[in-house]
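Colleague: Please take a close look at one part of this model, the nonpolar core and the helix packing around it. A connected account would be best.

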Amino acid sequence: MIYRDERHQHTFEKERSIRPESVSRKFLAALYLLTADGGLWNQVWDQVTIRKIYIDEMHPKNLNGTSYVFFSAARDILTGSRNINLVEIADPALLSMGAYMVLCTALAIRAYGVEKAVRIQFNKEWE
């Protein structure tokens, strides 16, 4: 599976391991995005419980472009809102190729589950 860095992998796997297997793919995709950025995660972790993410209670501040996309995409996945559009995520000035691949991995988790998303490989030349 594609992780932004070792911290992202460690945080996501730790958080995932304390959740019951019955949590939804939406929950796991949003958790994956929220843990992808350390600054974002530090602001929102206390709004994530064992089975629920209180996304409407989250009010992170001073997000950079990538953090904003990760947070907004997590909100869209959980609520069905449409804050992120294709033009934004396809803009290399906003997202690096690596961040874009993290976002794609979250979408794969949402659609197919973590087990299938694990098969996604990251080509380092994309960074």
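Modeller: In this predicted model, the largest nonpolar core has 39 residues. Those with the most contacts inside it are Met1, Tyr32, Leu33, Leu34, Ile53, Met58 and Ile109. Two or more residues come from each of H2, H3, H4, helix H6 (97-112) and helix H7 (114-117). H2 gives the largest share, eight residues. In soluble globular proteins, nonpolar side chains tend to be buried together.

H2 is a good place to continue, beginning with its packing against H4. The axes of H2 and H4 are 9 Å apart, and the angle between them is about 170°. H2 is therefore roughly antiparallel to H4, since angles over 145 degrees are put in that class. On the H2 side the contact is made by Lys26, Phe27, Ala29, Ala30, Leu33 and Leu34. They meet Phe70, Phe71, Ala73, Ala74, Ile77 and Leu78 of H4. By class, this contact has 11 nonpolar residues, no polar ones and one charged. Leu33 and Leu34 thus appear twice: in the contact with H4 and among the core residues with the most contacts.

Ile55 also touches residues of this region. Ile55 lies in the loop between helix H3 (38-44) and helix H4 (65-79). Ile55 counts as buried because its relative accessibility is 4%, and the limit for that class is under 20%. Leaving out residues up to four places away in sequence, Ile55 touches Phe71, Ala74, Arg75, Leu78 and Thr79. Of these, Phe71, Ala74 and Leu78 are also among the H4 residues that meet H2. From Ile55 to Ala30 the C-alpha distance is 9.3 Å, with a separation of 25 residues in sequence.

H2 has a further helix contact, with H1. The axes of helix H1 (residues 6-17) and helix H2 (residues 25-34) come within 9 Å and cross at roughly 145°. This crossing is right-handed. H1 contributes His8, Phe12, Glu15 and Arg16, and H2 contributes Leu28, Leu31 and Tyr32. The classes here are four nonpolar, one polar and two charged residues.

His8, in helix H1, can be followed one step further. His8 counts as buried because its relative accessibility is 0%. Apart from neighbours within four places in sequence, His8 is in contact with Tyr3, Tyr32, Thr35, Ala36 and Val102. Tyr32 leads back to the start, being listed among the core residues with the most contacts.

Note on methods. Residues are numbered from 1 along each chain as its sequence is written. This is a predicted model: local features need pLDDT of at least 70, side-chain atom pairs count only at pLDDT 80 or more; totals for chains, interfaces and linings use all residues. Side-chain values use heavy atoms; hydrogens and water are left out. Axes are lines fitted to C-alpha atoms, for helices over the stretch in contact, and angles run from 0 to 180 degrees between N-to-C directions. Helices (H or I, at least four residues) and strands (E, at least two) are DSSP runs, numbered from the N terminus. A crossing is left-handed if the near helix is turned anticlockwise from the far one by less than a right angle, and right-handed if clockwise. Contact means heavy atoms within 4.5 Å. Ala, Val, Leu, Ile, Met, Phe, Trp, Tyr, Cys and Pro count as nonpolar, Asp, Glu, Lys and Arg as charged, and the others, Gly among them, as polar. Buried means under 20% relative accessible area, exposed over 50%, partly exposed in between (1.4 Å probe, protein chains only). A nonpolar core is a set of buried Ala, Val, Leu, Ile, Met, Phe, Trp, Tyr and Cys residues joined through side-chain atoms within 4.5 Å. Angles under 35 degrees count as roughly parallel, over 145 as roughly antiparallel, 65 to 115 as roughly perpendicular and the rest as oblique.
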